[in-house]
Amino acid sequence: MRITQKDIDMNTRCMITLLILLLTPCLSYADNTKTPAEKTTKEAVKASAKKVAKEAAKEAAKEATKEAKSKSPKTSKRVYFTSPADQATVKSPVKLTFGVDGMSIRPAGQDIEDKTSGHHHLIIDAEGIESGKVVPMDKQHIHYGKGQTSATIELSPGVHTLRLQFADGAHRSYGPEMSTSIKVTVTK
Ligand SMILES: [Cu+2]
């Protein structure tokens, strides 16, 4: 029997096919089983990516809180009358009640350097006091230096402007930011 070139070709093809069949499971096995080192590296990369994402989220949250904090004090600091209401018609003597937000009430003279506390002043028919200036003490400027949050005052009939002015322990005004005014009409 003569071996032709065609037979050799067939044989080679068979051999190659067999080889491929034999090698395929080996190759896929090699692909599936990563060495522990490879696994650790992949996991480390995953873990560090997670960490970076977590830290970025933390930073963003921090920034948001900072912004909120820097905005809130300005809007929450204020004084106000809880009564009477603005434009109210009242009879003398008039009972007044005062409120304050963002600062605490402390009797005058206790801690004159503390800029987070103070006491109320009622200003009748006059302007507020510029920041840092001492609130005068007269008929139109009444100090509530004991830390009072209410008062009863006599008012003549007619329209009056009642102004609250918050000031520190040495009676130095906190300025227009800590001042408010209402108008009342006093009837006989
Ligand atoms: Cu005072």
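**Close-up views of a predicted model**

**View 1. A low-confidence stretch in this predicted model.** Let's start with the part to read with care: over residues 14-35, pLDDT stays under 50. For this stretch the model has one contact beyond four places in sequence. For the protein chain as a whole, the mean pLDDT is 80, and 63% of the residues reach 70 or more.

**View 2. The whole chain, with its two helices and nine strands.** If you follow the sequence from its start, the elements come in the pattern α-α-β-β-β-β-β-β-β-β-β. The chain has 188 residues, of which 14% count as buried. Among contacts with a separation of 6 or more, 68% are made by residues 24 or more positions apart.

**View 3. The largest nonpolar core, built from 15 residues.** Here we move inside. The residues with the most contacts inside this core are Val 79, Leu 96, Phe 98, Leu 122, Leu 164 and Phe 166. Four strands each supply at least two of the core residues: β1 (78-83), β3 (94-101), β5 (117-124) and β8 (158-167). Which strand gives the largest share of this core? That is β8, with four residues.

**View 4. Phe 98 and the residues it touches.** Take a moment with this side of the core, where Phe 98 is among the residues with the most contacts. Leaving aside residues up to four places away in sequence, Phe 98 touches Val 79, Phe 81, Thr 82, His 120, Thr 149, Ser 150 and Leu 164. Two of these partners, Val 79 and Leu 164, are also listed with Phe 98 among the core residues with the most contacts.

**View 5. An open sheet of three strands, in the order β1-β3-β7.** The pairing in this sheet is antiparallel. Its edge strands are β1 and β7 (150-153), each of which pairs on one side only. From one strand to the next, the twist averages 30°. Look next at the pair β1 and β3: the two run antiparallel and are joined by five bridges. Within that pair, Ser 83 has Thr 97 of β3 opposite it.

**View 6. Strand β5, mostly covered, and its partners.** Of the eight residues in β5, six are buried. How many bridges join β5 to strand β4 (residues 104-105)? There are two, and these strands run parallel; Ile 105 has Gly 118 in β5 as its bridge partner. With strand β6 (residues 141-143), β5 pairs in the antiparallel sense over three bridges. With β8, the pairing is also antiparallel, over six bridges. Leu 122 is a handy landmark in this view: Ile 142 in β6 stands opposite this residue, and so does Leu 164 in β8.

**View 7. From β5 across β8 to β9, by way of Gln 165.** Our last stop follows a row of bridge partners. His 121 has Gln 165 in β8 as its bridge partner, and Gln 165 in turn is partnered by Ser 179 in β9. Strand β9 (residues 179-187) pairs with β8 in the antiparallel sense, over eight bridges. To link back to the core, β8 is the strand that contributes four of its residues.

Terms used: Residues numbered from 1 in each chain as written. Predicted model: local features only at pLDDT ≥ 70, side-chain atom pairs only at ≥ 80, totals over all residues. pLDDT = per-residue confidence, 0-100. Contact = placed C-beta atoms within 7 Å. Core = buried A, V, L, I, M, F, W, Y, C linked by C-beta atoms within 7 Å. Buried ≥ 20, exposed ≤ 12 C-beta atoms within 10 Å, placed from the backbone. Pairing = 2+ DSSP bridges. Axes fitted to C-alpha atoms, helices over the stretch in contact; angles between N-to-C directions.
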